[in-house]
Amino acid sequence: MQKIPIPAYPMLNPNPIVIIGTQGGDKANYTTAGAFGVVCLEPIFYASLKDSHQSTANIRENGWFSVNIPGPDLLPQTDYCGKVSGQAEDKSLIFTPFYDEKGPAPLIGEAPLNYLCRVIDSHAIRGFTVFFGEIRSAYLNEDCFSEGRIDLQKIQPVLGMGATYFGLGAELGKVFQVKQRGEKC
C-alpha cells in the first residue's frame, strides 16, 4: 500500500478530551483541552493551554487545576467551554463543582472521572503553556465500576481526532498481553 503525504498537523491522533477546572479568586472557570495526556509512569499529567485563556492565568496564580473526563452526555457543555472565553463570559455555573481539601481547583460533579493536580512544572511554547500536574487526588462515579474494577466503557470518555469528537470503541486487547505473531499461547 502506498503512503500519501498529509499536512503535519499533530491533532490527527486521538486524544482524550478533558475539561480543565481552575479557580480565579472566588470563581470557578472551565476550559476544554484536547492537548492533554500522561507524561510518564508517575502520576503526572500534562495540559497545554493558550496563554490568553483565563484558566491559564488562574493556574499561574494558584498552581492547581483539575482534569475532568466528560462523557458524551456532557458534549454540549464540553464544546461550549472550548469556544467561549472565561474572560468574556462567566462559566462558573455550567457545572456543579466540588472541591478536595488538598487544593483549590473545582472538580466537576457531572463528570464521571476527576483528578486534582498540583503544578510541578510548566513550559511556555509558541503562545501556549504546558502545565505538568502531579495528581493529588482522583474520584470516579460509583456506577463506573464492574466487578470492583474501573470500567472505561462505563466512563465513556470522549476522544478528539482532528476537529471531530468520537466515543470509545470496543476493547481490542490488554496492554502487554497481545500475542505477537508466532508467539505460543
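In which strand does Asn 68 lie? In this predicted model, Asn 68 belongs to strand E6, and the description below starts from that strand.

Strand E6 spans residues 64-69, and six of its six residues are buried, so the strand is largely enclosed by the rest of the structure. Burial extends to both of its faces. On one side lie Trp 64, Ser 66 and Asn 68, and on the other Phe 65, Val 67 and Ile 69, all of them buried. Strand E6 pairs with strand E2 (residues 18-24) in an antiparallel arrangement joined by three bridges; within E2, Gly 21 stands opposite Ser 66 of E6. Strand E6 also pairs with strand E9 (residues 113-125), again in the antiparallel sense, over six bridges. In that pairing, Phe 65 is found opposite Cys 117 of E9. Strands of a sheet pair through backbone hydrogen bonds, in either a parallel or an antiparallel manner.

Asn 68 itself has a relative accessibility of 0% and therefore counts as buried, the cut-off being under 20%. The side chain of Asn 68 reaches the backbone nitrogen of Ile 108 at 2.9 Å. Beyond residues up to four places away in sequence, Asn 68 touches Val 18, Ile 19 and Gly 21, together with Pro 106, Leu 107, Ile 108, Ala 111, Leu 113 and Asn 114.

The largest nonpolar core comprises 17 residues, of which Val 18, Ile 20, Phe 65, Val 67, Ile 69 and Tyr 115 touch the most other members. Two or more residues of this core are supplied by each of E2, strand E5 (44-50), E6 and E9. A second, separate core contains eight residues, including Ala 28, Tyr 30, Leu 74 and Ile 108. In soluble globular proteins, nonpolar side chains tend to be buried together. With residues up to four places away in sequence set aside, the contacts of Val 18 are Thr 31, Thr 32, Ala 33, Phe 36, Val 67, Asn 68, Ile 69 and Pro 70.

The second largest pocket holds about 530 Å³ of space. Its lining consists of 17 residues, and those closest to the centre of the pocket are Phe 45, Ile 69, Leu 113, Tyr 115 and Leu 152. Strand E4 (36-38), E9, strand E10 (128-140) and helix H3 (152-155) each give two or more residues to this lining.

Strand E10 also contains Thr 129. At 3% relative accessibility, Thr 129 counts as buried. The side chains of Thr 129 and Arg 60 are joined by a polar contact of 2.5 Å. Apart from neighbours within four places in sequence, Thr 129 is in contact with Ala 47, Ser 48, Leu 49 and Asp 51, with Thr 56 and Arg 60, and with Ser 122, His 123 and Ala 124.

An open sheet of three strands, with antiparallel pairing, follows the order E1-E13-E14. Strands E1 (15-16) and E14 (164-166) occupy its edges and have a single partner strand each, so one side of each is left without a neighbour in the sheet. Strand E13 (residues 159-161) is paired with E14 in the antiparallel sense over three bridges, and Leu 159 stands opposite Phe 166 of E14.

Key:
Residues are numbered from 1 along each chain as its sequence is written. This is a predicted model: local features need pLDDT of at least 70, side-chain atom pairs count only at pLDDT 80 or more; totals for chains, interfaces and linings use all residues. Side-chain values use heavy atoms; hydrogens and water are left out. Two strands pair if DSSP finds at least two bridges between them. Helices (H or I, at least four residues) and strands (E, at least two) are DSSP runs, numbered from the N terminus. Buried means under 20% relative accessible area, exposed over 50%, partly exposed in between (1.4 Å probe, protein chains only). A polar contact is a pair of N or O atoms within 3.5 Å; within protein, one must be able to donate a hydrogen and the other to accept it, and residues adjacent in sequence count only if both atoms are side-chain atoms. Contact means heavy atoms within 4.5 Å. A nonpolar core is a set of buried Ala, Val, Leu, Ile, Met, Phe, Trp, Tyr and Cys residues joined through side-chain atoms within 4.5 Å. On a 1 Å grid over the protein atoms alone, a cavity is a set of points where a 1.4 Å probe fits but cannot get out, and a pocket is an open set with protein on both sides within 12 Å along at least five of seven lines; lining residues have an atom within 4 Å of a point. Grid points are joined across faces, edges and corners, and a volume is the space filled by probe spheres set on the points.
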